[in-house]
Structure formats: structure tokens, C-alpha cells
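Let's walk through this one together, one question at a time. Have the picture open while you read.

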Amino acid sequence: SVIVGRERFGSQRAAELVKQARACDPVLIAGDEADRDKAVELYSQAIALHPNADINPHLYERMAQLYSFISRPAAGVSPDHAKAVVHWQGCIRSAPEKQYLWARAHMGLASTSLVQKDIPTAISSYRRILEVDPDQLELPPSQVVRGAGTEAGAARQRKELERLRGKVNGIQERAVDKLFHATCRFSRDAAILAVQQVASEYRGK
């Protein structure tokens, strides 16, 4: 593997492909150089080069974001939610369940599913988010902690884990609220029952 900055890639070639993708990623740059489809193609090439690389869940997330949010009507670019779903699912498959990214990908999939009026998938993803135990959270293996193996490095690792636990708690609070509203599309009584069930299952977590 190759470490570039604080990221770990499968090889130098994969790191170069991601660098090229970021140079035309519309989330990162503006103007004529921004090219969503080119960025997605380069990110996809990096994944194909090393299908099990630690960085891949983050690349899937970026492609899902590009298809979920990027809109440039003058250039004929609009959100493509069907493609976004594919990449959210790729992120979920490749990210360990004990990582914050896994929960975040489920939130992205749920939001995109709501746009597509796929309420059951959204509800399922909100429930999966609530299954995450913040106390069992792990740092993503692609993230390099400076001074790993030293006391200072261990302290930085603990601090980062604490930050991510706070983020998981926040996303779980949003998931409960969104679960209620999504279930309301079936019936208000069903929504109330679902939230009561969640409260019973996760009390004390």
C-alpha cells in the first residue's frame, strides 16, 4: 500500500488516479475544469485497480454524492438518483459496519431512496443506522494517524474516535426523526409505533 498525506491507497497508480479525479471533481473545484463524469470514471478506475483497498468506501461515497447533488443545467448535468443508489450501496458493502462512514452511507441511501419514493428502503436504512453502537466504533483503516504506536498517536486516535462517536450520535438522532416522517407516509399510527419500538430497543444505548 501507499500512504499519501493521511490516506492509504492500494498503489501509487491508484493514488494518482484519485488525484486526477479530484482535479475535475465538481465538489472540489468550479469552472470549466469540473467534470462529474470524468471524475466518476477515474474514481471507478482506482477502485477496479484494487477492489479491496481501504480507500474504496470513501470513493464510492464521493461518486454517490456527485450523482446525488451536482446540478449544472447549463452543462446538461443533473442529479442521477439511480446511479447514486448504486454507489451508496457500494459504499455500504465495502465499509465495515463499525465505521461512521457505514452509517453515513445508509443516511445517503435513505435520502436518495425517499427522492425515488422507495420508502421501504429508506426505512430499512434508518433502522440500520440505529443498530450502530458508538462505543464499538473503529477508525477507517484508510486514515493514517500520525505517530501511530506512540503515546501521542494513541491520544490522537482516542480524540478522533470521540469525535466520530459524537457524529454517530447525531446521525442516529436524525435517523429517528426521519424514520418517523418516512413511516408517516404509510400511517401516523404506524409511525408512532415504529418510534416506540425504536425507543424500547435502543433505550440506554
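A quick term to start with: a residue is buried under 20% relative accessible area, exposed over 50%, and partly exposed in between. Also keep in mind that this is a predicted model.

Q: Does V27 count as buried, partly exposed or exposed?
A: First find V27 in the loop between α1 and α2. Its relative accessibility is 40%. Since that value lies between the cut-offs of 20% and 50%, V27 counts as partly exposed.

Q: Which residues does V27 touch, not counting residues up to four places away in sequence?
A: Skip the close sequence neighbours here, up to four places away. What V27 then touches is R62, L66 and I70.

Q: Which helix supplies the largest share of the largest nonpolar core?
A: This core has 53 residues, and Y43, L59, Y126 and I129 touch the most other members. Seven helices, α1, α2, α3, α4, α5, α6 and α7, each supply at least two residues of it. The largest share is nine residues, and the helix they come from is α5.

Q: Why are α6 and α7 called roughly antiparallel?
A: Their axes come within 9 Å of each other. An angle over 145 degrees counts as roughly antiparallel. So α6 is roughly antiparallel to α7, as their axes cross at roughly 150 degrees.

Q: How many nonpolar residues are there in the contact of α6 with α7?
A: On the α6 side you'll find Y126, among others, and on the α7 side A175 and L179 are included. Two residues of this contact are polar and two are charged, while the nonpolar ones number 10.

Conventions
Residues are numbered from 1 along each chain as its sequence is written. This is a predicted model: local features need pLDDT of at least 70, side-chain atom pairs count only at pLDDT 80 or more; totals for chains, interfaces and linings use all residues. Side-chain values use heavy atoms; hydrogens and water are left out. A nonpolar core is a set of buried Ala, Val, Leu, Ile, Met, Phe, Trp, Tyr and Cys residues joined through side-chain atoms within 4.5 Å. Buried means under 20% relative accessible area, exposed over 50%, partly exposed in between (1.4 Å probe, protein chains only). Helices (H or I, at least four residues) and strands (E, at least two) are DSSP runs, numbered from the N terminus. Axes are lines fitted to C-alpha atoms, for helices over the stretch in contact, and angles run from 0 to 180 degrees between N-to-C directions. Angles under 35 degrees count as roughly parallel, over 145 as roughly antiparallel, 65 to 115 as roughly perpendicular and the rest as oblique. Contact means heavy atoms within 4.5 Å. Ala, Val, Leu, Ile, Met, Phe, Trp, Tyr, Cys and Pro count as nonpolar, Asp, Glu, Lys and Arg as charged, and the others, Gly among them, as polar.
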